[in-house]
Amino acid sequence: MTTASIGNSFITINPPELRFQFELEQQTFCDLKVSNKTEYFVAFKVKTTSPKKYFVRPNTGVIHPWDSCIIRVTLQAQQEYPPNMQCKDKFLIQTTTLDSNTDVDDLPPDTFNKDSGKLTEELKLRVVYVSPNSPQGSTSDDTKYSAQKLDTYSSQTLQQLKEEIDAAARETRQLQQELDMLKRRRNSRSDSGFSFTFAMFVGLIGILFGFLLKLSLSSPPTQ
């Protein structure tokens, strides 16, 4: 897996941006690995648009040929969240090669002065604040994407819920119709049963009455 980096003729920097896991009233830091990809001594100097917010160590130094160093940038504890978790702070890293007779422990004041005639190159790094709610971190762009995705998901969920409610309502109406039909059939069967029983009762009485009448007529008269 290749790690992203940026660079110029003298150095490469990894990562290519400063990412801070932002939490209120908490310091946080980001380490930059600066690698010298030349056979010369390379001097560097770190500048920022918000020097009061960040602590940079080392903010200037010299990297030996084909060597590297770590620059730690610490974000001081902040008292409030930035709007939309967006940060407009920028960092500038100036680099230049040194003559072999230069004292690397005491760099001349004009080391990074472009007017001195020496080749000086610059790299700009942006600052990204990472949400502390996600273990892997989410930037403001990620947050926007997540919000859009959540809105889409919510709309789909609401639509699906509405369809399920409509389906449940249709099933309820169908069940109610079937229940009414069963009630009508039960009432119809009850009426038919009553009529049949009454007819049987009347028929039985008629048969009994006819039998008694026949018996009385067939009996011999008494003397």
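How many aromatic pairs does the structure hold? The structure holds 4 of them, a pair being two rings of Phe, Tyr or Trp (its six-membered ring) with centres within 6.5 Å. This is a predicted model, where local features need pLDDT of at least 70 and side-chain atom pairs count only at pLDDT 80 or more, while totals for chains, interfaces and linings use all residues. Residues are numbered from 1 along each chain as its sequence is written, and side-chain values use heavy atoms, with hydrogens and water left out.

**View 1. Phe-20 and Tyr-54, a tilted pair.** The two ring centres sit 5.7 Å apart with the planes at 40°, so this pair is tilted; planes under 30 degrees apart would count as stacked, over 60 as edge-to-face, and the rest as tilted. Phe-20 belongs to strand E3 and Tyr-54 to strand E6, so to speak distant parts of the chain, 34 residues apart. Both residues are buried, meaning under 20% relative accessible area with a 1.4 Å probe and protein chains only (exposed is over 50%, partly exposed in between). Add Phe-91 and you have one aromatic cluster of Phe-20, Tyr-54 and Phe-91.

**View 2. Phe-22 meets Tyr-129.** Here is another tilted pair, 4.9 Å centre to centre with 45° between the planes. Phe-22 comes from the loop between E3 and E4 and Tyr-129 from strand E10, 107 residues apart. Phe-22 counts as buried at 2% relative accessibility, and Tyr-129 is buried too, at 3%.

**View 3. The open sheet.** Look for 5 strands in the order E3-E10-E9-E5-E7, with mixed pairing. Strands are DSSP runs (E, at least two residues; helices are H or I, at least four), numbered from the N terminus, and two of them pair if DSSP finds at least two bridges between them. E3 (18-21) and E7 (60-63) stand at the edges with a single partner strand each, so one side of each has no neighbour in the sheet. From one strand to the next the twist averages 25°, taken between axes fitted to C-alpha atoms (for helices, over the stretch in contact), with angles running from 0 to 180 degrees between N-to-C directions. E3 pairs with E10 (residues 120-130) in the parallel sense over 4 bridges, and Phe-20 has Tyr-129 as its bridge partner in E10.

**View 4. The largest nonpolar core.** This core has 27 residues, and those with the most contacts inside it are Leu-18, Phe-20, Tyr-54, Ile-71, Phe-91 and Tyr-129. Such a core is a set of buried Ala, Val, Leu, Ile, Met, Phe, Trp, Tyr and Cys residues joined through side-chain atoms within 4.5 Å.

**View 5. Two cis prolines in loops.** A cis peptide bond joins Asn-14 and Pro-15, with omega about 0°; Pro-15 is in the loop between E2 and E3. The bond from Arg-57 to Pro-58 is cis as well, with omega near -10°, and Pro-58 is in the loop between E6 and E7.

**View 6. Positive phi at Trp-66 and Asn-84.** Trp-66, in the loop between E7 and E8, has phi near 60° and is exposed, at 61% relative accessible area. Asn-84, in the loop between E8 and E9, has phi of about 60° although it is not a glycine, and is exposed at 65%.
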